[in-house]
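Thanks for making the time this morning. I would like to walk you through one model, so please bring the structure up before I begin.

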Amino acid sequence: MRVVRTNAGTGNGGQQMPAHVIVGTQWGDEGKGKATDLLADDVQYVVRYQGGNNAGHTIVVGEQVLKLHLVPSGVLYPHVTPVIADGVVLDPGVLLEELDTLVGQGIDVSKLRISGNAHLIMPYHLELDRVTERWLGRQRLGTTKRGIGPTYADKAARVGLRVQDLYDMKIFRQKLDAVLREKNAILTRVYNRLPLKAADIETEYAVYAERLRPYIADTGSLLHEALERDETVLLEGAQGTLLDLDHGTYPFVTSSNPVAGGALTGTGLGPRHIDRVIGITKAYVTRVGSGPFPTELDDDTGERMVQVGGEFGTTTGRRRRVGWFDAVLARYAARVNGLTEHFLTKLDVLSAFPTLRVCHAYRLHDEEYEHFPPHQSIFHRARPVYTELDGWGEDIGDVRDFAALPKAAQAYVDAIEELSGVPIRYVSVGPGREQTLGRG
Ligand code: IMP
């Protein structure tokens, strides 16, 4: 028997194989796209490990504004291989449209690689996402209606169709017929909708299969081999820590695991590969969709934050809810993800406010909570306890050095670093690549 030696499990102390994880520390929309795009300079692979086209990244390169939903941000770099890994749910029609748009903008997408294990978003998932939200009425989650929850539900129920099924149409049809019997019964009898036809879906997906064929790969092996060659892999989370199915504000969450642990299950890499976990943290907090939000501002200050920050969703165009920075959540995110550092975004937006507030604890009745409360009811009813800080009241978009920031802006960054307990290594003062200040 021939034994093939690899570094896997040899216990070499984890000196090589650098993989970095980028994770949102709030409810998504922290500016991960910009951070990934910047860090991609020094990496060979950028990998999406969970979620689907519920995500939206806006990237500004010079005059060009790119909106990405499913394709990893690293696609903009010729030296980067973008990867859609096992843990992602993929709507093939949407992906192909996104690829066509990128090609139309002069971007080469030929290096993209897609895992055959990724689950397919099917037409009945979209339909079910829409009708269940309507059915829930006031209890609705405010999903992006992209079929994400129903697709992950089928994955867990083991009736999902995967990308690899596209390449054996006989199996694809068998699985589709079996699952569609149940879905059509639900759609017609529970929700009073029209049934879907398997033959129509098969025809549509067979076309996608051919167009996607050049991109399909064994991405687990691809990434592992890259790490063995000492190449660097950036694992890019979508959404954020508090939208995590297990660790977020359930049930007002997405159906996947954006946290750093999800990067492992979503790619098939082991924990030993990870050397940095970079938390992308907005200088204030936003949330789209329903659910508790202790520091939420629904007054004029909030409205100003929405307008100055351009807080409207990339994917759905919805107005985001906004609020002051919440250090309790930042500490929780540091713990859940094992953060090694923060990348602080949108500090420039706070230039618009004469005084700033940072929540350092919650209060409910006579009790003060410095850490994320152990029961949802406490979190729902908690009131923020604020520290007030001076604003700086001047534009900082042209500053290129942390030490050149107004003293009050430096003090704000220092305060949230101290309160969250994790070093802030980068501070972003605008959407452009050049508007990023290194810090220590
Ligand atoms: P779903 O992921 O479409 O099922 O939506 C579940 C919840 O996650 C809703 O509150 C959405 O608004 C939120 N959500 C999903 N994707 C994103 C994102 O990329 N940014 C912010 N919120 C998101």
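I will talk about one pair of helices, then about the sheet, and finally about a helix that packs on that sheet.

Please keep in mind throughout that this is a predicted model. Two packed helices are described by the angle between their axes and by the distance between those axes, and that is how I will start. Helix α5, which covers residues 169–190, packs with helix α6, residues 198–212, at an angle of about 140 degrees, and their axes lie 10 Å apart. That angle makes α5 oblique to α6, and the crossing of the two is right-handed.

Which residues of α5 and α6 meet? On the α5 side they are Met169, Phe172, Arg173, Leu176, Asp177 and Leu180, while α6 brings Ala198, Ala199, Ile201, Glu202, Tyr205 and Ala206. Sorted by character, the residues of this contact comprise 9 nonpolar and 3 charged, with no polar ones.

Let me turn to the sheet. It is an open sheet of 10 strands with mixed pairing, and the order runs β9-β7-β5-β2-β10-β1-β11-β15-β19-β20. The edges are β9, at 216–217, and β20, at 436–438, each of which pairs on one side only. Within that order, strand β11, residues 274–282, pairs with strand β15, residues 341–345, in the parallel sense over 5 bridges, and glycine 279 stands opposite histidine 342 in β15.

Finally, helix α12, residues 407–420, packs on the sheet, where it touches β15 and also β19, at 424–428. The direction of α12 makes about 140 degrees with that of β19.

Key
Residues are numbered from 1 along each chain as its sequence is written. This is a predicted model: local features need pLDDT of at least 70, side-chain atom pairs count only at pLDDT 80 or more; totals for chains, interfaces and linings use all residues. Side-chain values use heavy atoms; hydrogens and water are left out. Axes are lines fitted to C-alpha atoms, for helices over the stretch in contact, and angles run from 0 to 180 degrees between N-to-C directions. Helices (H or I, at least four residues) and strands (E, at least two) are DSSP runs, numbered from the N terminus. Angles under 35 degrees count as roughly parallel, over 145 as roughly antiparallel, 65 to 115 as roughly perpendicular and the rest as oblique. A crossing is left-handed if the near helix is turned anticlockwise from the far one by less than a right angle, and right-handed if clockwise. Contact means heavy atoms within 4.5 Å. Ala, Val, Leu, Ile, Met, Phe, Trp, Tyr, Cys and Pro count as nonpolar, Asp, Glu, Lys and Arg as charged, and the others, Gly among them, as polar. Two strands pair if DSSP finds at least two bridges between them.
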